[in-house]
Number of protein chains: 2
Amino acid sequence: MTAAHATPVGNPVSAPVRIEGFAAVVPAGGAGTRLWPLSRARAPKFLHDLTGAGRSLLQATWDRLEPLTGADHLLLVTGRSHADAVRAALPDLREGNLLLEPSARDSMAAIGLAAAVLEHRDGPDAVLGSFAADHVIDDAAAFGAAVAQAVAVARTGEVVTIGITPTGPATGFGYVRASGPLDVPGAPDALRVAEFVEKPDAATAAEYVAGGQHRWNAGMFVVSTGVLLGHLHEQLPALADGLREIAAAWDGPEREKVLDALWPGLVKIAIDHAIAEPVAAAGGVAVVPGTFGWDDVGDWDSLATLLPGAGEGLAVLGDEAQVLGLAATGVVVAGSGVPGRTVSVLGVPDAVVIDTPDALLVTTREHAQSVKGLVGAWRDRGRDDLV
Amino acid sequence: MTAAHATPVGNPVSAPVRIEGFAAVVPAGGAGTRLWPLSRARAPKFLHDLTGAGRSLLQATWDRLEPLTGADHLLLVTGRSHADAVRAALPDLREGNLLLEPSARDSMAAIGLAAAVLEHRDGPDAVLGSFAADHVIDDAAAFGAAVAQAVAVARTGEVVTIGITPTGPATGFGYVRASGPLDVPGAPDALRVAEFVEKPDAATAAEYVAGGQHRWNAGMFVVSTGVLLGHLHEQLPALADGLREIAAAWDGPEREKVLDALWPGLVKIAIDHAIAEPVAAAGGVAVVPGTFGWDDVGDWDSLATLLPGAGEGLAVLGDEAQVLGLAATGVVVAGSGVPGRTVSVLGVPDAVVIDTPDALLVTTREHAQSVKGLVGAWRDRGRDDLV
């Protein structure tokens with residue numbers, strides 16, 4: 001190797017590196033109804049490329065996590081109906097790491113199953129991070145650095161979340177309130193969590209942002225398997241026992257039999273309610289601030305801010321050459337991808353035009369939250385094929 | 001036949017009857033650019049069913065005129081490129097009555113050619129009525145009655161127009177101002193025309209409607225062939241001579257040869273400027289008021305008032321079952337006709353959504369007049385396939 005090809009000494013911040021003893025789980029559920037008609041029950045949000053990056057949100061999540069965990073330690077939980085789509089999207093996903101739920105039993109069962117499988121394989125000190133399949137993050141290196149700090153804190157027995165430093169007084173997210181610094185080697189930014197709070201109104205959100213103690217709850221949790229399942233056993237012993245029993249059979253011939261026998265009896269509860277809130281109240285949760293760009297892409301309005309061209313005029317998801325806007329700024333258009341098919345928007349500010357083969361949506365960013373109502377209305381008309 | 005099946009005695013007003021010695025010509029030209037993307041250069045407005053009646057505007061025009069003239073006396077002038085579409089739409093149209101223009105030379109040449117052919121066949125006393133191919137009329141019986149009065153007046157040597165009694169102060173139409181009654185047997189409603197006036201501004205239109213002397217100029221002319229060609233010969237002798245020379249060859253073997261030799265040299269002028277305005281100024285034009293519903297369907301805004309459902313909420317051209325509107329009244333949607341394809345409009349008042357296979361238009365009724373600008377913009381991008 002010549003000097004010209006020498007790599008820099010040390011690990012540059014911009015290149016995420018493997019975190020030893022760390023695994024991740026990606027729960028891929030939820031229909032993303034407010035992103036209808038692109039997102040459907042059969043082809044939910046995480047299977048779509050919503051930013052024009054050339055990768056679906058699920059694939060981008062994989063791309064972000066795999067360097068940190070390696071493929072052997074990257075797990076995915078989803079419904080059986082999405083198995084083929086997920087396998088096609090993620091060819092490097094290990095078959096034993098694809099946890100297929102017989103039915104949706106909310107996030108605690110999904111993440112808890114991954115924790116139990118990991119505990120069974122690697123022991124109670126293995127650290128697991130849980131990250132949604134359908135969020136957008138704009139800086140993988142900063143994300144990786146935050147995860148590394150969170151893992152360091154998790155090794156001290158904390159439940160750790162990554163809280164996003166707000167860029168504005170958003171009312172569409174829940175918040176995490178910090179109380180003071182923690183002193184953990186390798187995690188200089190970590191803080192104690194005082195509480196998780198629900199989505200605020202606009203005035204409260206403005207107070208949160210001004211105060212500086214609140215961060216967006218991005219639903220990211222990092223915790224050792226032993227600590228997680230220990231908390232779960234305290235709160236919901238039957239759920240913890242059931243998950244451990246399934247996990248014990250997971251890598252053997254009885255997997256499906258045990259899963260089908262026990263899964264239907266597991267309690268349906270979100271990890272926020274089962275673990276995050278009660279443990280935070282008891283002083284057992286820490287937060288590592290995330291300063292990278294993050295969005296849960298909850299609706300078309302939020303997508304409009306993420307697409308190229310947003311702000312200047314037309315934000316287009318698809319081929320910009322097929323879209324024409326006159327007297328219409330702040331427009332988001334998702335093209336059908338049908339070759340040659342064009343979309344023209346004339347004099348409709350903040351229009352949202354989503355063109356899919358069987359369903360065309362025309363609305364405005366202001367009404368983005370009400371798209372769910374359309375889905376319900378079509379269902380009422382017996383058009384389950386559309387939803 | 002039993003009494004229960006007996007037909008009423010006499011001709012009820014509602015059944016239009018043949019008018020002896022009367023022929024009609026339908027000039028079918030114009031791209032209807034403001035009704036883009038439904039109306040295109042290759043499939044202009046008159047070939048579309050814009051009211052959901054199950055018949056194109058051209059076919060509806062035929063249906064209205066044929067009972068008055070018979071198929072032998074119903075002529076159509078259009079461009080050669082539309083010949084096949086017109087033949088398919090009007091199977092009863094006589095081949096000799098399909099006057100195909102080698103190029104567009106405006107309405108005087110088109111109507112004048114029909115007048116010259118009719119004069120050659122039936123003599124100078126034959127009365128010809130000219131009616132656009134792409135207007136909407138809601139009462140065929142009232143229309144027929146007005147035409148019958150106009151024919152009676154035309155037999156006295158007048159150029160006769162049918163002027164529509166305004167239902168409001170429209171600024172999108174020209175007007176005809178009447179000066180006083182005429183005394184013609186069989187035409188009790190006929191009036192002398194003082195002048196034709198251009199499209200007014202809103203204040204002027206309101207004065208016109210309040211005054212009661214102004215009617216909409218619907219571009220309908222009824223006049224004997226001898227009178228029409230006589231006026232034309234006075235104003236533009238070369239045009240009149242050229243048309244008569246083509247007409248003399250029309251029903252013989254030299255038609256195409258003579259047409260191709262003379263047509264390119266004919267002057268391009270609208271019948272309004274060539275005949276209606278100068279003859280009105282000289283006191284030679286009469287008007288029969290038309291009290292039927294009429295519209296030239298100039299743009300999507302005007303179509304919105306004609307469709308079923310207009311006013312209450314959704315006005316849909318197509319299958320209403322495929323369209324859903326929430327928080328959006330006064331919306332006009334033209335569906336693609338693709339089976340199962342749906343359109344949802346949420347929170348966009350007065351939206352106009354026109355869904356065609358290669359071009360989707362989203363605008364509002366307020367911007368209907370600006371649709372032409374989109375057509376130009378696509379042409380500037382080299383997308384002649386769309387226009």
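How many salt bridges does the rule find across the interface of domain 1 of chain A and domain 2 of chain A? The rule finds one, where a salt bridge is a side-chain nitrogen of Lys or Arg within 4 Å of a carboxyl oxygen of Asp or Glu.

This is a predicted model, in which local features need pLDDT of at least 70 and side-chain atom pairs count only at pLDDT 80 or more, while totals for chains, interfaces and linings use all residues. Residues are numbered from 1 along each chain as its sequence is written, chains are lettered from A and ligands numbered from 1 in the order in which they are written, and side-chain values use heavy atoms, with hydrogens and water left out.

## Domains of chain A

Chain A is divided into domain 1 (22-295) and domain 2 (308-386), with bounds that come from an automatic or database domain assignment. The C-alpha centres of the two domains lie 31 Å apart. Eleven residues of domain 1 of chain A are in contact with 17 residues of domain 2 of chain A, contact meaning heavy atoms within 4.5 Å.

About 1200 Å² is buried between these domains, and carbon and sulfur atoms give 67% of that area. Buried area is the accessible area (1.4 Å probe) that two parts lose on being put together, summed over both. On the side of domain 1 of chain A, the residues that lose the most area to domain 2 of chain A are A:Arg34, A:Trp36 and A:Arg40, together 55% of what that side buries. A:Arg40 also forms a salt bridge with A:Asp358.

UniProt, in an unreviewed entry, places the feature "domain: Nucleotidyl transferase" at residues 24-305 of chain A. Over residues 24-305 the chain is 40% helix and 21% strand, and the end C-alpha atoms are 28 Å apart. The UniProt annotation "domain: MannoseP isomerase/GMP-like beta-helix", also from an unreviewed entry, covers residues 326-375 of chain A. Over residues 326-375 the chain is 10% helix and 42% strand, with the end C-alpha atoms 29 Å apart. UniProt positions are given in the numbering used here, feature names are shortened, and annotations may be inferred rather than shown by experiment. Helices (H or I, at least four residues) and strands (E, at least two) are DSSP runs, numbered from the N terminus.

## Strand pairing within chain A

Two strands pair if DSSP finds at least two bridges between them. Strand S7 (residues 175-181) of chain A pairs with strand S8 (residues 191-197) of chain A in the antiparallel sense over six bridges. Here A:Ala178 has A:Val193 in S8(A) as its bridge partner. S7(A) also pairs in the antiparallel sense with strand S9 (residues 214-224) of chain A, over three bridges, and A:Arg177 stands opposite A:His214 in S9(A).

## Sheets and the contact of the chains

One open sheet of six strands has mixed pairing and the order S12(A)-S14(A)-S16(A)-S17(A)-S15(B)-S13(B). Strand S12 (314-317) of chain A and strand S13 (323-326) of chain B stand at its edges, each with a single partner strand, so one side of each is left without a neighbour in the sheet. In this sheet, strand S14 (residues 331-334) of chain A and strand S16 (residues 351-355) of chain A pair in the parallel sense over three bridges, and A:Ala334 stands opposite A:Ile354 in S16(A).

Another open sheet of six strands, with mixed pairing, has the order S13(A)-S15(A)-S17(B)-S16(B)-S14(B)-S12(B). Its edge strands are S13 (323-326) of chain A and S12 (314-317) of chain B. Strand S16 (residues 351-355) of chain B and strand S17 (residues 359-364) of chain B run antiparallel and are joined by five bridges; B:Val352 has B:Thr363 in S17(B) as its bridge partner.

Chain A and chain B bury about 3000 Å² between them, 59% of it on carbon and sulfur atoms. A:Leu346, A:Leu360 and A:Val362 supply 22% of the area that chain A buries against chain B, more than any other three residues. The contact takes 37 residues from chain A and 37 residues from chain B. Across this interface the rule finds two salt bridges.

## Salt bridges

The structure holds 34 salt bridges over all chains; the table gives examples.

| Arginine | Acid | Closest N and O atoms |
|---|---|---|
| A:Arg40 | A:Asp358 | 2.7 Å |
| B:Arg341 | A:Asp355 | 2.8 Å |
| A:Arg80 | A:Asp260 | 3.0 Å |

The pair of A:Arg80 and A:Asp260 links distant parts of the chain, 180 residues apart. A:Arg80 is in the loop between strand S2 (74-79) and helix H2 (83-89) of chain A, and A:Asp260 is in helix H8 (residues 255-262) of chain A.
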